[in-house]
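Let's take a walk through this structure together, one stop at a time. Keep the sequence and the 3D view side by side as you read.

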Amino acid sequence: MNHTLIRFENGGTGWTEFECGRCGVDVDMFDFDQVDVLEAAENAVPFRCPNCRAEAVPLDKTNPE
Ligand SMILES: [Zn+2]
């Protein structure tokens with residue numbers, strides 16, 4: 001299964017969209033909520049889906065546009 005992590009910029013700290021490859025949950029995270037998943041992506045460690053508890057290493061698909 002693959003998790004995807006998409007970061008957006010909105011002029012401030014931006015936000016992170018997390019999609020679970022197992023249950024398909026789509027979570028938008030702001031401010032402190034996105035710290036955990038960002039750290040997981042940067043350190044290539046598993047992040048646990050808040051919905052189905054599946055663990056997978058997030059894939060940072062940051063698009064600069
Ligand atoms: Zn899930």
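Arginine 53 sits in the loop that links β4 to β5. Keep in mind that you are looking at a predicted model. The backbone at arginine 53 has a positive phi of about 70 degrees, although this residue is not a glycine. Is arginine 53 buried or exposed? Just 10 other C-beta atoms lie within 10 Å of its own, so arginine 53 is exposed, given that a residue with 12 or fewer such neighbours counts as exposed.

Now look for cysteine 49, which is also found in the loop between β4 and β5. Cysteine 49 has 21 other C-beta atoms within 10 Å, so this residue is buried; the cut-off for that label is 20 or more. Which residues does cysteine 49 touch, leaving aside those up to four places away in sequence? They are Cys20, Arg22, Cys23, Val25 and Ala54. You can also find valine 27, which is 22 residues from cysteine 49 along the chain, with 9.4 Å between the two C-alpha atoms.

Let's move on to helix α1, which covers residues 35-43. Its buried residues are Val37, Ala40 and Ala41. If you look down the axis of α1, these buried residues fall within an arc of 95 degrees, so they line one face of the helix. What does this buried set pack against? The partners are the strands β1 (3-8), β2 (15-19), β3 (26-30), β4 (47-48) and β6 (58-60). Turn the helix around, and the face pointing away from the buried side shows you the exposed residues Val35, Glu39, Glu42 and Asn43.

Just after α1 comes alanine 44, in the loop that leads from α1 to β4. Alanine 44 is not a glycine, yet its phi is positive, at about 55 degrees. With 10 other C-beta atoms within 10 Å, alanine 44 is exposed.

Our last stop is strand β1 and its neighbours. On one pairing, β1 and β2 run antiparallel and are joined by five bridges. Here arginine 7 stands opposite threonine 16 in β2. The pairing of β1 with β6 is parallel, with three bridges between them. There you can spot leucine 5 opposite aspartate 60 in β6. As you trace a strand, a general rule is handy: in a regular strand, side chains alternate between the two faces of the sheet.

Conventions: Residues are numbered from 1 along each chain as its sequence is written. This is a predicted model: local features need pLDDT of at least 70, side-chain atom pairs count only at pLDDT 80 or more; totals for chains, interfaces and linings use all residues. Helices (H or I, at least four residues) and strands (E, at least two) are DSSP runs, numbered from the N terminus. The arc is that of the directions from the helix axis to the C-beta atoms. Two residues are in contact if their C-beta atoms, placed from the backbone, lie within 7 Å. Two strands pair if DSSP finds at least two bridges between them.
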